[in-house]
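I wanted to go through this model one feature at a time and write down what I looked up. The entries follow the order in which I checked things.

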Amino acid sequence: MTLAVRIPEELSARLPVEQRGPGLDRDDVRLLVSRGTEVSHHSFRELPGLLRAGDLLVVNTSPTLAAAVDGRIGHARVVVHFSTRGDDGRWAIELRNPDGRGTTRARNQGSARSTRWKGGGGRRTGGPVGTEVVLPEGVRLVLEEPLSAHADRLWWARASGAEVLGMLRAHGRPIRYSYTERDQPLSVYQTVFAVPSADGAGSAEMPSAARPFTARLVAELVSRGVQFAPVTLHTGVASAEAHEPPYPERFSVPEASARLVDAARAGGGRVIAVGTTAVRALESAAGTDGVVRAARGWTDLVVTPERGVRVVDGLLTGLHEPEASHLLMLEAVAGRAAIDRSYEEALRGRYLWHEFGDVHLVLPAQNAHTEGCDGNSW
């Protein structure tokens, strides 16, 4: 799915909302709500009034890592984005060039191994095999093979020297793209649901749909009978330029969360995923019978309209660029007409895009004959 729209540059959220003016907090963003093709405009603080007792919010507890670090290949400066740690101890990484403005750009090279990337005129590559990257604290990465046979944006690299996670804690910073105004502390990229992993694992980029939640708002939702089910999916590095589908990512759906999902559905509640990462984790644990069972491991699931969704009734998410593969997931949840309509309204209403921007709540279409009733009224 590709939307026939262009996102004006001025609609990129360059700063977190709490830094845009005095007295603002994370939940002072706007909330676009679509029920089928019906669209309404709200503040995120109105969310408790838009949900109902018995609804279940599925949230991703993965913490964000300081996954960007400066390095060198010979005398050339590079920025390494650490994406995913494999079961064999290797790391999937992306090599990018500093752009002189504190952010990075894709590496454009002319090697025979490289592949064309959508939206650029050059070629880019992370290779060739055997390339050594020198990082702080004596860490050395050696590139071994591309993560995918079809593209070489991400490479598997083996690290030697100091421990990578310790090096990132000491010298890393959050991954930042060029539409943002300045570097931010890691705390800005942690959601209220983030829980440190026992093994130090986390997400290369923030599960940003949950960023507007505050402890105050969570407490109000709970007081109104809305429940929360934690899942974990450690996100890899996004394809900022080419908008490639996500690569396999590590996930976990605990037994207690699986029971909460199945109980909510049995009781007529709506299962609403907070973020595309929560959808991916939850749908990876759902059988063809629609029952969610405890699961953990790696998922390569890409939710498309053809595959559909088995469990998720609604989705709270950010606003995605027209080429983003996540739009296929939104279409699977709501249908093409609903997504087209909501994005037209988001542009007309001057909503802000990206991880510090406004958010979009996708709910099932209202049934005029049953609106306001208990049970399956949507």
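**Strand pairing and the sheet**

I began with a single residue pair and found that I272 stands opposite G314 in β17. Since the model is a predicted one, I take this, like every entry that follows, as a computed result. I then looked up the strands behind that pair: β15, residues 271-274, and β17, residues 314-318, pair in the parallel sense over three bridges.

Next I traced the sheet to which these strands belong, and I noted an open sheet of nine strands with mixed pairing, in the order β2-β1-β18-β17-β15-β3-β13-β14-β16. At its edges stand β2 (38-43) and β16, and because each has a single partner strand, one side of each is left without a neighbour in the sheet. I also recorded the twist, which averages 20 degrees from one strand to the next.

I then asked which strands helix α7 lies across. Helix α7, residues 336-348, lies across β1 (30-35), β2, β17 and β18 (359-363), and I noted that it runs at about 40 degrees to β2.

**The second largest pocket**

I turned to the second largest pocket, for which I have a volume of about 280 Å³. Its lining is made up of 16 residues, and those nearest its centre are S197, D199, T232, H234 and R296. The elements that give two or more residues to this lining are β14 (249-253) and β16 (295-299), and β14 gives the most, with three residues. Sorting the lining of this pocket by class, I have six nonpolar, seven polar and three charged residues.

**V195**

I looked up V195 next, and I found this residue in the loop between α2 (164-171) and α3 (215-223). Is V195 buried, partly exposed or exposed? Its relative accessibility is 46%, so I entered V195 as partly exposed. Leaving aside neighbours within four places in sequence, I found V195 in contact with T61 and P63. I also checked T232, which is 37 residues from V195 along the chain, and the C-alpha atoms of the two are separated by 9.4 Å; T232 is also among the residues nearest the centre of the second largest pocket.

**Cavities**

Last, I looked for enclosed space and counted three cavities of 30 Å³ or more. The largest cavity has a volume of about 70 Å³, and 14 residues line it, with S208, P212, E355, F356 and G357 nearest its centre. By class, I noted six nonpolar, four polar and four charged residues in the lining of the largest cavity.

Methods. Residues are numbered from 1 along each chain as its sequence is written. This is a predicted model: local features need pLDDT of at least 70, side-chain atom pairs count only at pLDDT 80 or more; totals for chains, interfaces and linings use all residues. Side-chain values use heavy atoms; hydrogens and water are left out. On a 1 Å grid over the protein atoms alone, a cavity is a set of points where a 1.4 Å probe fits but cannot get out, and a pocket is an open set with protein on both sides within 12 Å along at least five of seven lines; lining residues have an atom within 4 Å of a point. Grid points are joined across faces, edges and corners, and a volume is the space filled by probe spheres set on the points. Helices (H or I, at least four residues) and strands (E, at least two) are DSSP runs, numbered from the N terminus. Ala, Val, Leu, Ile, Met, Phe, Trp, Tyr, Cys and Pro count as nonpolar, Asp, Glu, Lys and Arg as charged, and the others, Gly among them, as polar. Two strands pair if DSSP finds at least two bridges between them. Axes are lines fitted to C-alpha atoms, for helices over the stretch in contact, and angles run from 0 to 180 degrees between N-to-C directions. Contact means heavy atoms within 4.5 Å. Buried means under 20% relative accessible area, exposed over 50%, partly exposed in between (1.4 Å probe, protein chains only).
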